[in-house]
Amino acid sequence: MSTSEYSVPGSENQPSQQKGKNVIIGILTAALILVGGYLIVDKNRSGETIQTQQSQIAKVTDEKSDLQKSFDASLVRLDSMTNFSNTLQTKLAESNQEIDKTKAEIRSILNKKNATAAELNKAKSLIADLNGKITDMQNQIAQLTQDNQMLTQDKATLTQAKDKLTQDLATSDSSNKALSNKVDVASTLNASNISITPVKIKGSGKEKVTTTAKRVDKMVISFDVDNRIAQTGATDVYVCVIGPDGKPVIQDSSAASTFTTREEGDKPYSAKVTVDIETAKKKNVEFAFKPSSQFQEGSYTIQIYQNGFKIGEGTKELKKGGIFG
């Protein structure tokens, strides 16, 4: 038997087995390539998702930061208006309440760690609404401030007008008083035709004129008064009788009554007579004067006063008298 015809058992199956192994290796390699490719793609997708999420988070964070800055700016504007007067703040109380409510709602959203985009959008809308309210509030304050300034100016104008009117009234009052004083002085009565008649009353009741002091029982004093501008009506006329000793003579033993003169101050009077006068008409006044003590010899002075002025004066001499006087 030749060598070429001899074969080792099982040698004819070796190429088949080798081919099978190669197929399996190829399949595994392809599988590995597919798995690797899937992993790469999946990794890329996961990276893209993470990047997208990170971008969204950054965007939300930036938006939240911007909203916080916007809200802080709004609060600064609001705080700048807190120094206005209580009157203005009272008028704006309703606006303040609405603003406080909006502020609280914005803070509630911004304080959330995981605020959603919808919540941030709502906060953005609320901040815009807050700024609108603040602007409206500023406009109201500006208007109220302008109104207050106008009222202040009007008050100053009215005060000046009042001061001028007061000054004018004072000037007018002063002029009126001066005029009234002039009229008052000018309306003072004039006394004329002054007559002083010493009289003795006899036992029969008859009266006899005498100049002997010890026989005089009374003095009949008569005079006329008139004034062309004096108002018709009653007025008091005061008569002062000054004795020879220079002292006032009164009609009773009680303390003498006084009246006020323009130049001599308070002065005791001997008689007060109420006279009804008529404008520009002469009026006669007559009355009897009886002292509380006997008449003394010497000169008696009769002074007539009206309206605080002395309007007339007369004298009468009483004699000592003789044996048959």
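Which residues form a nonpolar patch on the surface? I would like to begin there, and I should say at once that what we are looking at is a predicted model. The residues of that patch are Leu 179, Val 183 and Ile 229, and together they have about 250 Å² of accessible area. Leu 179 has its place in helix H4, which covers residues 117-186, and with a relative accessibility of 51% it counts as exposed, because the cut-off for that word is over 50%.

Let me now step back to the chain as a whole. It contains four helices and ten strands, and if you follow the elements from the N terminus on, they run α-α-α-α-β-β-β-β-β-β-β-β-β-β. The chain has 325 residues, of which 25% count as buried. It exposes about 22200 Å², and carbon and sulfur atoms supply 52% of that area. As for how the chain meets itself, if we take the contacts between residues at least 6 apart in sequence, 70% of them join residues at least 24 apart.

With that in mind, we can turn to the interior. In soluble globular proteins, nonpolar side chains tend to be buried together. Here the largest nonpolar core has 27 residues, and those that touch the most other members are Ile 221, Phe 223, Val 225, Val 239, Val 241 and Phe 287. Strands S1 (190-201), S3 (218-226), S4 (233-242), S7 (271-277), S8 (283-289), S9 (298-306) and S10 (309-318) each supply at least two residues of this core. Apart from this core lies another one, of 16 residues, which includes Leu 67, Ile 99, Ile 134 and Met 137.

To give a feeling for the surroundings of one core residue, consider Val 225: once its neighbours within four places in sequence are left aside, its contacts include Leu 189, Ala 191, Val 275, Ile 277, Val 285 and Ile 311, and also the lysines Lys 281, Lys 282 and Lys 283.

Next, I would like to look at helix H3, residues 93-110, where we find Thr 102. Is Thr 102 buried or exposed? Thr 102 is buried, with a relative accessible area of 5%, and, leaving aside its neighbours within four places in sequence, it is in contact with Leu 126, Asp 129, Leu 130 and Lys 133.

In the same helix, the side chains of Lys 103 and Asp 100 meet in a salt bridge, at 3.7 Å from N to O. Because these two residues are three apart in helix H3, they are separated by about one helical turn. Lys 103 counts as buried, at 15% relative accessibility, whereas Asp 100 is partly exposed, at 43%.

That pair belongs to a total of nine salt bridges, and I will mention two others. The side chains of Glu 207 and Lys 218 meet at 2.6 Å, N to O; since Glu 207 lies in strand S2 (residues 207-209) and Lys 218 in strand S3, the pair ties together parts that are eleven residues apart in sequence. Glu 207 counts as partly exposed, at 48% relative accessibility, while Lys 218 is buried, with a relative accessible area of 11%.

Finally, Glu 313 forms a salt bridge with Lys 310, with the closest N and O atoms 2.9 Å apart. In this pair, Glu 313 counts as partly exposed at 42% relative accessibility, and Lys 310 is partly exposed as well, with a relative accessible area of 45%.

How values were computed. Residues are numbered from 1 along each chain as its sequence is written. This is a predicted model: local features need pLDDT of at least 70, side-chain atom pairs count only at pLDDT 80 or more; totals for chains, interfaces and linings use all residues. Side-chain values use heavy atoms; hydrogens and water are left out. Buried means under 20% relative accessible area, exposed over 50%, partly exposed in between (1.4 Å probe, protein chains only). Contact means heavy atoms within 4.5 Å. Patches are made of residues with over 30% relative accessible area and no salt bridge: like charges are joined within 9 Å, nonpolar side chains (Val, Leu, Ile, Met, Phe, Trp, Tyr) within 5 Å. Accessible areas come from the Shrake-Rupley method with a 1.4 Å probe; for residues, only the protein chains shown count as cover. A salt bridge is a side-chain nitrogen of Lys or Arg within 4 Å of a carboxyl oxygen of Asp or Glu. A nonpolar core is a set of buried Ala, Val, Leu, Ile, Met, Phe, Trp, Tyr and Cys residues joined through side-chain atoms within 4.5 Å.
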